[in-house]
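Student: I am new to this structure and would like to learn how to read it, beginning with the empty space inside. Could you take me through it step by step?

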Amino acid sequence: METVGNLGLWVGFSAIVAIMLAIDLLVVGGGKEHRVSFKEASIWSLIWISLSLAFAGGLWWHLDSNVGREIANTKALEFITGYLIEKALAVDNVFIWMMLFSFFAIPAELQKRVLLYGVLGAILMRTVMIFAGAWLITQFHWILYVFGTFLLVTGVKMYWFADEKPDLENNRLIRWIRRHMNITTEFHGQQFFVIKNGLRYATPLFLALVLVEISDLIFAVDSIPAIFAITTDPFIVLTSNIFAILGLRAMYFLLAGVADRFSLLKYGLAIVLMFIGVKMLLIDLYKIPVGFSLAVIAVIIGASVWASLHKEAREKQA
């Protein structure tokens with residue numbers, strides 16, 4: 001696999017992720033009961049975005065010094081584009097989390113714990129999926145067309161069913177878990193399991209965690225091929241993906257109170273998927289420049305946000 005990621009870059013990236021996770025766990029108190037305020041979520045969102053941009057700048061500086069300006073510009077732009085794609089598509093995942101927490105009536109002070117383990121699981125899961133995807137692409141170039149077709153079809157389906165809400169009450173997975181596991185009806189603080197009458201019971205918190213992990217797996221199937229449409233360099237794909245994931249919890253608590261204001265955003269995300277699918281299908285006929293892709297994605301997302309806010313303002317005036 002061709003990649004700019006040498007040993008030093010991989011070690012540096014791993015160290016940054018480990019340090020930030022340690023700060024979250026040991027300093028910020030990621031494992032304690034805690035209601036995240038809008039102010040705290042805003043500060044941490046700014047920290048994660050700034051750290052991601054700083055990493056892009058550091059990557060550019062390293063490559064510019066060692067392999068040349070052209071490669072540095074290309075790889076830094078690929079990272080930023082991949083990061084933006086992952087951040088944008090993750091918004092839909094955040095909406096699903098909101099529905100899950102509402103369905104299970106997860107208290108606000110316990111949601112952070114569920115998402116902490118959800119993010120850790122997502123990092124491990126996506127690392128495996130990205131390296132597997134990169135290997136498949138190097139062995140079978142035609143799989144890019146499979147990814148492209150999948151993204152195009154997924155985008156069309158997302159656009160068509162944007163307003164439909166998942167029926168969690170009749171969800172087959174939830175019903176299967178409830179049939180095969182002892183599950184309490186009440187919460188027991190932050191515990192995922194408790195012992196009652198000599199039997200181990202899962203709490204609703206554990207059930208929510210399982211569905212959070214599964215929802216991320218489902219969305220990873222969309223977002224990872226989307227980034228491979230921008231670059232097949234596993235270092236760029238993984239780093240842009242992980243940096244976006246690390247900021248997901250903060251983004252969730254930032255959007256939790258205002259999600260209803262972005263009613264048209266799902267349509268924009270669907271169009272982004274369709275655009276990326278077409279880009280991947282055209283890869284051997286015409287390679288759409290990364291800079292142009294970044295601009296198109298930013299315009300689509302920006303336009304859908306503006307349209308959502310404009311729609312809300314008109315509804316309030318009516």
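Tutor: Let us begin with the enclosed spaces, keeping in mind that this is a predicted model. Rolling a probe the size of a water molecule over the atoms shows where empty space is left. Here the count comes to four cavities of 30 Å³ or more, and the largest cavity has a volume of about 140 Å³.

Student: Which residues lie nearest the centre of the largest cavity, and how many line it?

Tutor: Twelve residues line the largest cavity, and those nearest its centre are Asp 24, Trp 44, Lys 112, Arg 249 and Ala 250. Two elements, helix H2 (38–66) and helix H9 (248–255), give two or more residues to this lining, and the largest share, four residues, comes from H2.

Student: How does the lining of the largest cavity divide by class?

Tutor: The lining of the largest cavity has eight nonpolar and four charged residues, with no polar ones.

Student: What is the volume of the second largest cavity, and which residues line it?

Tutor: The second largest cavity holds about 70 Å³ of space, and its lining consists of Met 20, Leu 21, Asp 24, Trp 48, Leu 116, Val 119, Leu 120, Leu 246 and Arg 249. At least two residues of this lining come from helix H1 (7–27), and at least two from helix H4 (108–139). By class, the lining of the second largest cavity has seven nonpolar and two charged residues, and no polar ones.

Student: Now I would like to turn to the pockets. What is the volume of the second largest pocket, and which residues are closest to its centre?

Tutor: The second largest pocket has a volume of about 490 Å³. It is lined by 24 residues, and Lys 75, Thr 231, Thr 232, Asp 233 and Lys 287 are the closest to its centre. The elements that contribute two or more residues to the lining are helix H3 (69–103) and H4, and H3 gives the most, with five residues. By class, the lining of the second largest pocket comprises eleven nonpolar, six polar and seven charged residues.

Student: H4 has come up more than once, and I would like to see how it packs. At roughly what angle do the axes of H4 and H7 cross?

Tutor: The axes of H4 and helix H7 (residues 204–228) cross at roughly 35° and come within 8 Å of each other. The crossing of H4 with H7 is right-handed, and the contact between these two helices has 20 nonpolar, four polar and three charged residues.

Student: Let us move on to the strands. How many bridges join E1 to E2?

Tutor: In a regular strand the side chains alternate between the two faces of the sheet. In this model, strand E1 (residues 193–196) and strand E2 (residues 199–202) run antiparallel and are joined by four bridges. As one case of this pairing, Val 194 has Tyr 201 in E2 as its bridge partner.

Student: Which residue in the hairpin of E1 and E2 takes a positive phi?

Tutor: Most residues other than glycine have a negative phi, and most peptide bonds are trans. In this hairpin, which has two residues between the strands, Asn 197 takes a positive phi near 55°. Asn 197 lies in the loop between E1 and E2, and it counts as exposed because its relative accessibility is 80%, where exposed means over 50%.

Student: Where does Ala 105 lie, and what is its phi?

Tutor: Ala 105 is found in the loop between H3 and H4, and although it is not a glycine, its phi is positive, at about 55°.

Student: To finish, is Ala 18 buried or partly exposed?

Tutor: Ala 18, which is found in helix H1, has a relative accessible area of 45%, so it is partly exposed, falling between the 20% and 50% limits. Sequence and space can also be read together for this residue: Ala 18 and Tyr 117 are 99 residues apart in sequence and 15 Å apart in space, C-alpha to C-alpha.

Terms used: Residues are numbered from 1 along each chain as its sequence is written. Side-chain values use heavy atoms; hydrogens and water are left out. On a 1 Å grid over the protein atoms alone, a cavity is a set of points where a 1.4 Å probe fits but cannot get out, and a pocket is an open set with protein on both sides within 12 Å along at least five of seven lines; lining residues have an atom within 4 Å of a point. Grid points are joined across faces, edges and corners, and a volume is the space filled by probe spheres set on the points. Ala, Val, Leu, Ile, Met, Phe, Trp, Tyr, Cys and Pro count as nonpolar, Asp, Glu, Lys and Arg as charged, and the others, Gly among them, as polar. Axes are lines fitted to C-alpha atoms, for helices over the stretch in contact, and angles run from 0 to 180 degrees between N-to-C directions. A crossing is left-handed if the near helix is turned anticlockwise from the far one by less than a right angle, and right-handed if clockwise. Two strands pair if DSSP finds at least two bridges between them. Buried means under 20% relative accessible area, exposed over 50%, partly exposed in between (1.4 Å probe, protein chains only).
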